[in-house]
Amino acid sequence: MRHIISILMENESGALSRVAGLFSARGYNIESLTVAPTEDPTLSRMTLVTRGSDEIIEQITKQLHKLIEVVKLVDLSEGAHIEREMMLIKVKAVGGHREEVKRLVEIFRANIIDVTDTSYIVEMTGDGDKLDAFIKAVHEDLIVETVRTGPSGIARGAKGLAI
């Protein structure tokens with residue numbers, strides 16, 4: 001099962017390396033990893049996506065809690081949450097394909113953020129299924145390059161991941 005683990009950790013050099021090392025030492029895979037500072041410059045928030053049984057995820061969270069830099073963590077998959085991913089996709093846009101790509105961009109509520117004589121760069125946010133659907137809707141011969149951030153997530157409701 002897919003899990004999104006949100007980690008509040010001290011903003012120190014080597015912290016990311018220790019988290020990645022924990023996963024690689026135990027043979028667990030990280031599907032996606034994003035890290036950014038929070039409103040408190042001494043803390044960073046890491047969003048990590050991995051797959052595993054409940055037992056494996058429990059083992060991962062126990063091991064993460066042991067790391068000195070980890071202040072708090074939550075498995076967002078255990079409750080109601082919102083997740084979003086951003087994608088930049090460069091597509092060939094010549095002749096009749098220009099209007100077709102524009103139409104798809106409107107349908108998917110994306111934005112064209114760069115235009116050249118031969119291509120568009122499209123920016124899109126949403127859940128992974130929406131981004132996947134856009135990729136499938138664009139003819140594969142038109143896709144030049146795709147970059148995705150991986151999901152970021154936040155729990156719904158009044159409670160937040162804070163110290």
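**Figure 1. Ser-44 in strand β3 of the predicted model.** Ser-44 belongs to strand β3, which covers residues 43-51. The model shown here, as in every figure below, is a predicted one. The relative accessibility of Ser-44 is 6%, and the residue therefore counts as buried, a class that requires a value under 20%. The side chain of Ser-44 is joined to the side chain of Asn-11 by a polar contact of 3.3 Å. When neighbours within four places in sequence are left aside, the residues in contact with Ser-44 are Ile-7, Leu-8, Met-9, Asn-11, Val-35, Ala-36, Pro-37 and Thr-38. Asn-11 thus appears in this list of contacts as well as in the polar contact between side chains.

**Figure 2. The packing of helix α1 against helix α2.** Helix α1 comprises residues 15-26 and helix α2 comprises residues 54-66; their axes lie 10 Å apart and form an angle of about 140°. Because of this angle, α1 is described as oblique to α2. The crossing of α1 past α2 is right-handed. On the side of α1, the residues that take part are Val-19, Leu-22, Phe-23 and Arg-26, and they meet Ile-60, Gln-63 and Leu-64 of α2. By residue type, this contact consists of five nonpolar residues, one polar residue and one charged residue.

**Figure 3. The surroundings of Glu-85 in strand β5.** Glu-85 is part of strand β5, which runs over residues 81-92. Its relative accessible area is 9%, and Glu-85 is therefore classed as buried, since the limit for this class is under 20%. A polar contact of 2.8 Å links the side chain of Glu-85 with that of Arg-148. Residues up to four places away in sequence are not counted among the residues that Glu-85 touches, which are Met-124, Thr-125, Gly-126, Gly-128, Leu-131, Arg-148, Thr-149, Gly-150 and Pro-151. Arg-148, the partner in the polar contact, is accordingly one of the residues touched by Glu-85.

**Figure 4. Ile-154 in strand β9 and Ile-163 in the segment after it.** Ile-154 is located in strand β9. Between the C-alpha atoms of Ile-154 and Arg-84 the distance is 9.2 Å, although 70 residues separate the two in sequence. Not counting residues up to four places away in sequence, Ile-154 touches Arg-45, Leu-76, His-81 and Ile-82. Ile-163 is placed in the segment that follows β9 (152-155). With a relative accessible area of 73%, Ile-163 counts as exposed, because that class begins over 50%. Ile-163 and Lys-72 are 91 residues apart along the chain, and their C-alpha atoms are separated by 7.3 Å. Leu-8, Leu-43 and Val-71 are in contact with Ile-163 when its neighbours within four places in sequence are left aside.

**Figure 5. Arg-109 in the loop between α3 and β6.** Arg-109 occupies a position in the loop that connects α3 (97-107) with β6 (111-115). The phi angle of Arg-109 is positive, at about 50°, even though the residue is not a glycine. Most residues other than glycine have a negative phi. The relative accessible area of Arg-109 is 72%, and the residue is therefore exposed, a term used for values over 50%.

**Figure 6. Glu-100 in helix α3.** Glu-100 is situated in helix α3. The relative accessibility of Glu-100 is 34%, so the residue counts as partly exposed, the class between the limits of 20% and 50%. The side chains of Glu-100 and Arg-103 are joined by a polar contact of 2.9 Å. Glu-100 and Glu-58 stand 42 residues apart in sequence, and the distance from C-alpha to C-alpha is 47 Å.

**Figure 7. The whole protein, as context for the close-up views.** The protein contains four helices and nine strands. Along the sequence, these elements follow the pattern β-α-β-β-α-β-β-α-β-β-α-β-β. The C-alpha trace spans about 55 × 35 × 30 Å along its principal axes. The protein has 163 residues, of which 34% count as buried. For contacts between residues at least 6 apart in sequence, 73% join residues at least 24 apart.

Note on methods:
Residues numbered from 1 in each chain as written. Predicted model: local features only at pLDDT ≥ 70, side-chain atom pairs only at ≥ 80, totals over all residues. Heavy atoms only, no water. Helix = DSSP H or I, 4+ residues; strand = E, 2+ residues; numbered from the N terminus. Buried < 20%, exposed > 50% of the residue type's maximum accessible area, 1.4 Å probe, protein only. Polar contact = N/O pair within 3.5 Å; in protein donor to acceptor, adjacent residues only side chain to side chain. Contact = heavy atoms within 4.5 Å. Axes fitted to C-alpha atoms, helices over the stretch in contact; angles between N-to-C directions. Parallel < 35°, antiparallel > 145°, perpendicular 65-115°, else oblique. Left-handed = near helix turned anticlockwise from the far one by under 90°. Nonpolar A, V, L, I, M, F, W, Y, C, P; charged D, E, K, R; others polar.
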